[in-house]
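Colleague: I'm new to this one, so could you pick a single part and walk me through it closely? A strand and its surroundings would suit me well.

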Amino acid sequence: MRIKTMVYGIYPKNENLRKKLSQWERDIISGKEICEAIDAEKRRIYELFQDNGITYYTDPLLNWYDLFRPLALSMEGIELGPLTRYLETNTFYRKPVVNSIGGIKADPKDFFELKENPPLPLFNPDKNTFLFFPSPYTFFKMSTIPDRLDFSKFSHSILDNYKKIVRVFGIQKIVLFEAVPYVNDDISFLSDFAKEFSVTLITTGKLTENNFNKFSSTLESLITDPEYLDIAQKHSRIPGMKFIDAHRTALEKADKLENFENYDDLILTTNDYLDFLPESIANSKVELLGTAGV
Amino acid sequence: MFEVAKLITQEIGSFRKPLYLSKVFHKIYGTPEFEELAKKATLETLSIFDEVGMDNIGVGGEMFRWEMYEHLADKLSGIKFYGMVRSFDNRYYKKGSVVSRLERSRPFHLDEVEFVAGSSKKPIKVPVTGPYTMMDWSFNDFYSNRRELAMEFARVINEELKEIQNLWGRVSNGRKLEIQIDEPATTTHPSEMDLVVESINRSVEGISAEKSLHVCYSTDYRLVYDRMSELNIDGYNLEYANRDTINRGTGDKERVGYQDIKYFAAINEKLSTKKFLGVGVTDVHTDFIEPVKLIEDRINYALAIVGDPELVRINPDCGLRTRSREIGKQKLQNMLTARNNIIKSQYQ
């Protein structure tokens, strides 16, 4: 068995960056200065991932105030709604209010000041970085959407915009993150996107074969809770399993891995992005994840 | 028996700290200097509450506390802090990890209650963070499940409330003891409402006081209303203004944020002992000062549904520490003026 590891999504900030962001919010330092500080910290986190042997990682998204904010602010037709509890956590996000979905307002690769979020660029990738996006399904479920905009239209427009962003960065490896379970819905909306790009889909909660009935592609990786690993193996080149708990500070024990020796390749990752943990614990969990990789 | 008044005005809990206290709070916490500054800030806040004419002065804006979770967690052995966790944007709080059996190592609120009780003759309401919220906002690295942890928090909170009750016997000066259990997390896991009820009831076991429950920013208050007959709670102080429009009027369309009071009233109607409702009429997340007439509309709308003015109390949505002291005072002032106008026009 070859075990690979992945760290994805928003990573917790250290105290120094939190202080700098606070200064930026009070106009004590400029947008350019906070961008530089964020970029420098991202580089440090990339080194942390590399030093710990993490196989795959996304940008740590230190300038994303929540899972949707900089994307919502970069697209025509989407505004920020009220602060809303993020699922069952004690963390809040500004619920996107979608009126329509137009194009991208700003070059996501350049410096661009946003209201109520640190400036773009959307990502500061290094040569190994995957691009990270909330899946259109999660975006739809966690936004306010007018009746006239059904999921099919919504997901098509959002994925079109994601494609534009992907092309600007010239990176083909993409992580799509689902924060909400599919229930009875299918994932055919991702068929074309998964044909065009190398997509790692991180799911949440229960999965069944019905979710894949109309899906006409193969994912690079499908990451699931351990009990759905067979489905992940069937529908992706490399199955992935959520192994590290992003909602507990206790460190996991690596001996849990013994049950998964039948898989040729396996990606181990976290059951949510690590922003729900104190930074020191997130660092320890990254270290632990790194030791599980072979 | 205590006299019940109409449309009692009350604070929910926190008020912005003066800079001289907030700047050094953590640095001097627990020292005689801290005590001196916390008392000074409390007296200044009480004087603001007096000036605007608040009926119930809470505990003077919670000047002895930094934050509702950390204040308790910091006084419990069994909790370890590894660092800050994001609440929203660039706002963070210290989220503790429960790593061994919880025990109260120091009282949470006795010094504050004693000082406020000795500084004013007005009614006092003591806010205490509830067991379910303490559980939900902690990392659980020790107890076998969420229920066990919530009930353990309930046990230590109950110990604190019993000490406050004992203290109250000496400092009440004839006032009834009022305890507000703060449970913002109440409805975040709808499947755990049994645990909410069980843990809150355990926390107030053996406490002879007027007990209220504060919940805010819930996506569904009906989950709470549905359990009113089982909760050992006399009234509910809730946030509504944040979800309302700022348009004038007392119709359903203008008062969209207050719609579910109808649900509350329908259930309350069936209870043998009626519960009171503290209605949030001013939004603590915006500097917009709600005009007096808008607040009157909100009160009148709630009043028309609940009927009995002795069952309606008037408060901000939540603690006003999110706003500057000046804005906080103006919001309270308009709240009081609106209430007084209604009392004058309808009950005198």
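Modeller: Sure, let's look at β6(B), which is joined by 5 bridges to strand β7 (residues 210-215) of chain B, the two running parallel. Bear in mind that this is a predicted model. To find one spot where these strands meet, go to B:Glu178, whose bridge partner in β7(B) is B:Glu210. Between the two strands, the chain leaves β6(B), passes through helix α8 (residues 193-203) of chain B and arrives at β7(B), a β-α-β crossover that is right-handed.

Strand β6(B) has another partner too: strand β4 (residues 126-129) of chain B is joined to β6(B) by 4 bridges, and this pair also runs parallel. Here you can look for B:Val128, which stands opposite B:Ile181 of β6(B).

Now for the strand itself. β6 of chain B covers residues 178-182 and is mostly covered, with 5 of its 5 residues buried. Its side chains split into two sets: B:Ile179 and B:Ile181 point one way, while B:Glu178, B:Gln180 and B:Asp182 point the other way. Both sets are buried, the Glu, Gln and Asp residues included.

So you can place two of the residues by their neighbours: B:Glu178 pairs with B:Glu210 in β7(B), and B:Ile181 has B:Val128 opposite. Start from those when you turn the model around, then follow the chain out through α8(B) and back into β7(B).

Note on methods
Residues are numbered from 1 along each chain as its sequence is written. Chains are lettered from A and ligands numbered from 1 in the order in which they are written. This is a predicted model: local features need pLDDT of at least 70, side-chain atom pairs count only at pLDDT 80 or more; totals for chains, interfaces and linings use all residues. Side-chain values use heavy atoms; hydrogens and water are left out. Buried means under 20% relative accessible area, exposed over 50%, partly exposed in between (1.4 Å probe, protein chains only). Two strands pair if DSSP finds at least two bridges between them. A crossover is right-handed if, with the strands pointing away from the viewer, the path from the first strand over the helix to the second runs clockwise.
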